[in-house]
Amino acid sequence: MSDVRQHAEEIREQFSEHLDLTTDDVEERLDNLVNEYRVPLEEARRSVVSHYLDEAGLERDDIRSGGGGGTEQVNVEDVTEDEQWLGLTAKVVDLWEPRSDAVGQVGLLGDETGTIKFTKWADSDLPALEEGAVYRFGNLVSDEYQGDYSVKLNRTTTIEEVEEDIEVGDDSAEVEGALVDIQSGSGLIKRCPEDDCTRVLQNGRCSEHGEVEGEFDLRIKGVIDDGTEVHKVIFDKEATEELTGIGLQEAQDMAMDALDTTVVAEEMREQTLGLYYRVAGPTMGRYLLVNEMERLAGPTDAEEVLIKARSM
């Protein structure tokens, strides 16, 4: 069976309870995108799924990801795949103010292995979660962007409060070393404006919502070398402004003057590359998310560091 055919069969199965589809119909849509318009297969699949979601009047979280299967109980540290259906027994560590009316609750869940962001949709008709309480969740679905994993509670999610406490593991880390690389996708970026979606746009497209009018943001995806190994770190808007001294409006003005957004990342590279920092924050996937930082003096001979940085 070809890859396109296999994906078509999985999509048909996803919608089998909602739409009268044939594998041939789905395959034709996928094949047109992949072979006629040269859309990557995974993006084509998302596009086709979005089409059928609209047709059925469903949300993405209302259907299971392709391949079927149950909702295996896992630990937070085991959430390492996108669109994975799973179960967790976890403590509500923190609740935040939702940024959208579509979101009922948002915050952090934690177990002995660490913490993970959760989102509960306002229309999911689920009971309110209480901070400090422990629940057994079923039918959660995972989400991922830039190595940062989260879980979503949807209409099919089951929630059972359990009479036990969990000592939540500390997944924070501290790294000290030279900033030796600022990777692509840094500087002035645009994010998807859709509810609870913060994905970075690629050529004006969100991998989830297609072409959208993005909202400007600042970010640095960096690499810090501690002398023994390298660590991938992400500076959000506030941390990037603290690190570089460049605010969002200034970055937009720079890009406007040059008619090129890449000048912002280049300016940030000139200001920070080869300098030494101590950074700390939670680890999400393969990244450390910086929420504390300190500029260090570093070794007196920085030339070797700069040579290494330029070679990356």
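**Figure 1. Ser186 in the loop between strand 8 and strand 9 of the predicted model.** Ser186 occupies the loop that joins strand 8 to strand 9. With a relative accessibility of 10%, Ser186 counts as buried. The side chain of Ser186 reaches two backbone atoms: the oxygen of Gln183 at 2.7 Å and the nitrogen of Lys221 at 2.8 Å. When residues up to four places away in sequence are not counted, Ser186 touches Arg219, Ile220, Lys221 and Ala265.

**Figure 2. The buried and exposed sides of helix 5.** Leu248, Ala251 and Ala255 are the buried residues shown in helix 5. These residues lie on the same side of helix 5, because they cover an arc of only 65 degrees around the axis. Gln249, Met256 and Asp257, on the other side of helix 5, are exposed. The elements that cover the buried residues of helix 5 include strand 9 (187-191), strand 12, helix 4 and helix 6.

**Figure 3. Two residues with a positive phi, Asn139 and Leu259.** Most residues other than glycine have a negative phi. Leu259, although not a glycine, has a positive phi of about 55 degrees. Leu259 is found in the loop between helix 5 (248-258) and helix 6 (262-272), and counts as exposed at 76% relative accessibility. Asn139 is also not a glycine, and its phi is positive at about 60 degrees. Asn139 belongs to strand 5 (residues 134-145) and is buried, with a relative accessible area of 14%.

**Figure 4. The largest nonpolar core and a second, separate core.** In soluble globular proteins, nonpolar side chains tend to be buried together. The largest nonpolar core has 22 residues, of which Leu188, Val233, Phe235, Val279, Val290 and Met293 touch the most other members. At least two residues of this core come from each of several elements, including strand 8 (172-182), strand 12 (215-225), helix 4 (237-244) and strand 14 (276-284). A second core, separate from this one, consists of 19 residues, among them Val79, Leu88, Leu140 and Val151. In the largest core, Met293 is one of the residues that touch the most other members. Neighbours within four places in sequence aside, Met293 is in contact with Phe235, Ala239, Glu242, Leu243, Arg278 and Val279.

**Figure 5. Salt bridges between distant parts of the chain.** The whole structure contains 15 salt bridges. In one of them, Asp24 pairs with Arg5, and the closest N and O atoms are 2.6 Å apart. Asp24 lies in helix 2 and Arg5 in helix 1, 19 residues apart. Asp24 is partly exposed at 48% relative accessibility, and Arg5 is partly exposed at 27%. Another salt bridge joins the side chains of Arg155 and Asp123 at 3.5 Å, N to O. This pair links two loops: Arg155 lies between strand 6 and strand 7, and Asp123 between strand 4 and strand 5.

**Figure 6. A network of salt bridges around Arg278 and Glu174.** The side chains of Glu174 and Arg278 meet in a salt bridge of 4.0 Å, N to O. Glu174 is in strand 8 and Arg278 in strand 14, so the pair ties together parts that are 104 residues apart in sequence. Glu174 counts as exposed at 55% relative accessibility, whereas Arg278 counts as partly exposed at 24%. Glu176 and Glu294 are linked with Glu174 and Arg278 in this network.

Methods
Residues numbered from 1 in each chain as written. Predicted model: local features only at pLDDT ≥ 70, side-chain atom pairs only at ≥ 80, totals over all residues. Heavy atoms only, no water. Helix = DSSP H or I, 4+ residues; strand = E, 2+ residues; numbered from the N terminus. Buried < 20%, exposed > 50% of the residue type's maximum accessible area, 1.4 Å probe, protein only. Core = buried A, V, L, I, M, F, W, Y, C linked by side-chain atoms within 4.5 Å. Contact = heavy atoms within 4.5 Å. Arc of directions from axis to C-beta. Polar contact = N/O pair within 3.5 Å; in protein donor to acceptor, adjacent residues only side chain to side chain.
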